[in-house]
Amino acid sequence: MTGTPSPGTPEFLRAHNDRAALGLFITHGTLTRTRLGELTGLSKVTASQMVERLTTRGLIRTLGTDDDGKRGPKAKVYALDPRCAHVMAAELTPDGLAIACADITGAIVSRATVRFEEAPDPLATAHAAVEAAAKEAGLDVSAIDGIVIGTPGVIDPLTGEAGYTSDLPTWTGRLRAELRTASGKPVQLANDVNLAAVAEAQAGAAVGQPDFALFWIGRGVGLATVVGGRVLRGAHGAAGELGYLPVPGCEVPRNPARPEVRGGMQSLIGAEAVLRLAAEHGIEAGDAAEAVRSAVEKVAAAEPAAGAAGLPIEGSRSSGGRSFLDELGRRIALGVAACCAIMDPPLVVLAGPIGTTGGELLADIVHRETTAITLAGPDIVPTETTDAPVLQGALFLALDSTRKRLLDSIAE
């Protein structure tokens, strides 16, 4: 890289030290000069020089003083300057685009939502959302350092574009390139279920777990597999398209890229199938998640009372809810068992509107049914990232990429 100091020169050593110092501020949040020296193993004088250079570059700022309860002068506390970089994270749905803007510390400073009826063209929708979020944050779009958009479907690993999105065909093939050209900023598209797995690993049920699988059960059905801390995307970006998993007894469709085609697993546990199954068991609801919630509530309310009265569970008024959840759990277990036969994950997280709503009860049923048909069943738990997990994952990814670029800029 032009302008990069040569190894061994004072400029190189300063850049190396400053990069290490900035990395520590990113990791720890706040530091005093003394603590920075301890963490780097450098002298107080060198630590002070690093702080001065990072402050001059606008990367860190004085936050206050350290109230350690001791007499004498208080040490200044420094932290990342939130103004040094901003990112945007977005989630694409069939209704529109929801977007959040955050500073380099991860604090969300604005949100915006643009629906398709307001801006039907994909690029116009994305631009409107970016501009609305930037305006709300009091920023110019040029101040945004990176954008990550979570979208359903397959992301082409070569172009980074959405190569196939069944519900959003007009978003394929050109959005990333056009938005990147228009904004002049790094833009990344990522599969929504994979982003949910990123959020789960960072702040959910899979924290500290390098290997796990996340089953997304909602309008669509998806799978994210994480091995060694990395999401498996596949040679064509199609790893995890669980809805197309062939299932015995279900029709195996030809030409699955057609929007109207539904694969075997989708026909069993997708939202439409779950709603039909609920109706068969006497549960009427407006959508699949509502049906699952109603069933869980029926079981929670009726089964303890039935047990206390010495009545069999199947004879209680929860039987419709219990039988519905049992059948749904058996269906989900078919997908989990397929994953176990290939990956043998130690942990499976149930996510998406249906997986989230089913909670511990559905997770326990799926665990029971999975262990009955596999050689070694994993732990199965409900998601712990219930608030906009795709947006959370996009934010983690955007921050990680921008922080790496910020660290690399130290050597320039």
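Me: What phi does Gly282 take just after H8?
Reply: This is a predicted model, in which local features need pLDDT of at least 70, side-chain atom pairs count only at pLDDT 80 or more, and totals for chains, interfaces and linings use all residues. Residues are numbered from 1 along each chain as its sequence is written, and side-chain values use heavy atoms, leaving out hydrogens and water. Just after H8 (helices, H or I of at least four residues, and strands, E of at least two, are DSSP runs numbered from the N terminus), Gly282 has a positive phi of about 80°.

Me: Which exposed residues does H8 carry on the face turned away from its buried side?
Reply: In helix H8 (residues 271–280), Ala271, Ala273, Val274, Leu277 and Ala278 are buried (under 20% relative accessible area; exposed is over 50%, partly exposed in between; 1.4 Å probe, protein chains only). Down the axis of H8 these fall within an arc of 160° (directions from the helix axis to the C-beta atoms), so they line one face of the helix. The face turned away from them carries the exposed Glu272 and Glu280.

Me: Which strands stand at the edges of the open sheet of five strands?
Reply: The strand order is S6-S5-S4-S7-S10, with mixed pairing (two strands pair if DSSP finds at least two bridges between them). Within the sheet, S4 (residues 86–93) and S7 (residues 144–151) pair in the parallel sense over six bridges, and His86 stands opposite Ile144 in S7. A single partner strand, so that one side has no neighbour in the sheet, marks the edge strands S6 (108–115) and S10 (187–191).
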